[in-house]
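Let's take a walk through this model together, beginning with a bit of vocabulary and then following the chain from sheets to side chains.

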Amino acid sequence: PAGVAQALDIRPVPSEFALLQNFPNPFNPETTIGYDLAADSRVRLDVYNVVGPLIHPLVSEDQAAGRYRVVWSGRDAQGYQVASGVYFYRLQTDGFKSVRKLLLLK
């Protein structure tokens, strides 16, 4: 309605690229992975098993600078529940790479 003030959700652009630790960790049945982009970038966020093969590509697209959160359900790219154990997630952008470890416990 006219004359009614509305709150704006203003979030500053992060000053640097970062891959945050997932939470909760250990997790079951799902976990949230956060990352910050200091500039517009091509983004890949992937989950790998402990011996290296890609388990699930979570993000593969161009994204604007900002803060992002992605939920991983502990499933592989075909939708099957993965086994309990250690997994790695990797963020790769234009000029930034980082890897962190997560633990799925059933």
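A quick definition to start: a residue is buried under 20% relative accessible area, exposed over 50%, and partly exposed in between, using a 1.4 Å probe and protein chains only. Keep in mind that this is a predicted model, where local features need pLDDT of at least 70 and side-chain atom pairs count only at pLDDT 80 or more, while totals for chains, interfaces and linings use all residues. Residues are numbered from 1 along each chain as its sequence is written, and side-chain values use heavy atoms, with hydrogens and water left out.

Now for the overall picture. The chain has seven strands and zero helices, where helices (H or I, at least four residues) and strands (E, at least two) are DSSP runs numbered from the N terminus. Reading along the sequence therefore gives you β-β-β-β-β-β-β. Of its 106 residues, 36% count as buried. The accessible surface is about 6500 Å², and carbon and sulfur atoms own 54% of that (Shrake-Rupley method, 1.4 Å probe; for residues, only the protein chains shown count as cover). Among contacts (heavy atoms within 4.5 Å) with a separation of 6 or more, 53% come from residues 24 or more positions apart.

How do the strands pair up? One open sheet has three strands in the order β1-β2-β5, with antiparallel pairing; two strands pair if DSSP finds at least two bridges between them. The edges are β1 (18–19) and β5 (66–72), each with a single partner strand, so one side of each has no neighbour in the sheet. Between β1 and β2 (residues 31–37) there are two bridges, and the two run antiparallel. Look for Leu19 there: Tyr35 in β2 stands opposite.

The other open sheet has four strands, ordered β4-β3-β6-β7 and again paired antiparallel. Here β4 and β7 (96–104) sit at the edges with a single partner strand each, so one side of each is left without a neighbour in the sheet. On average, neighbouring strands of this sheet are turned by 15° against each other, direction ignored (axes are lines fitted to C-alpha atoms, for helices over the stretch in contact, and angles run from 0 to 180 degrees between N-to-C directions). Nine bridges hook β6 (residues 85–93) to β7, and this pair runs antiparallel. Within that pairing, Tyr87 stands opposite Leu102 in β7.

On to the charged side chains. A salt bridge is a side-chain nitrogen of Lys or Arg within 4 Å of a carboxyl oxygen of Asp or Glu, and the count by this rule is three. Asp36 and Arg67 form one of them, at 2.8 Å from N to O. Asp36 lies in β2 and Arg67 in β5, so this salt bridge ties together parts 31 residues apart in sequence. Asp36 is buried at 8% relative accessible area, whereas Arg67 is partly exposed at 45%.

Another salt bridge joins Arg42 and Asp62, whose closest N and O atoms are 3.7 Å apart. This pair links distant parts of the chain, with Arg42 in β3 (residues 41–49) and Asp62 in β4 (residues 54–63), 20 residues apart. Arg42 is partly exposed at 39%, and Asp62 is exposed at 58%.

That leaves Arg44 and Asp46, whose side chains meet in a salt bridge at 2.9 Å, N to O. Arg44 is partly exposed at 32% relative accessible area, while Asp46 counts as buried at 1%.
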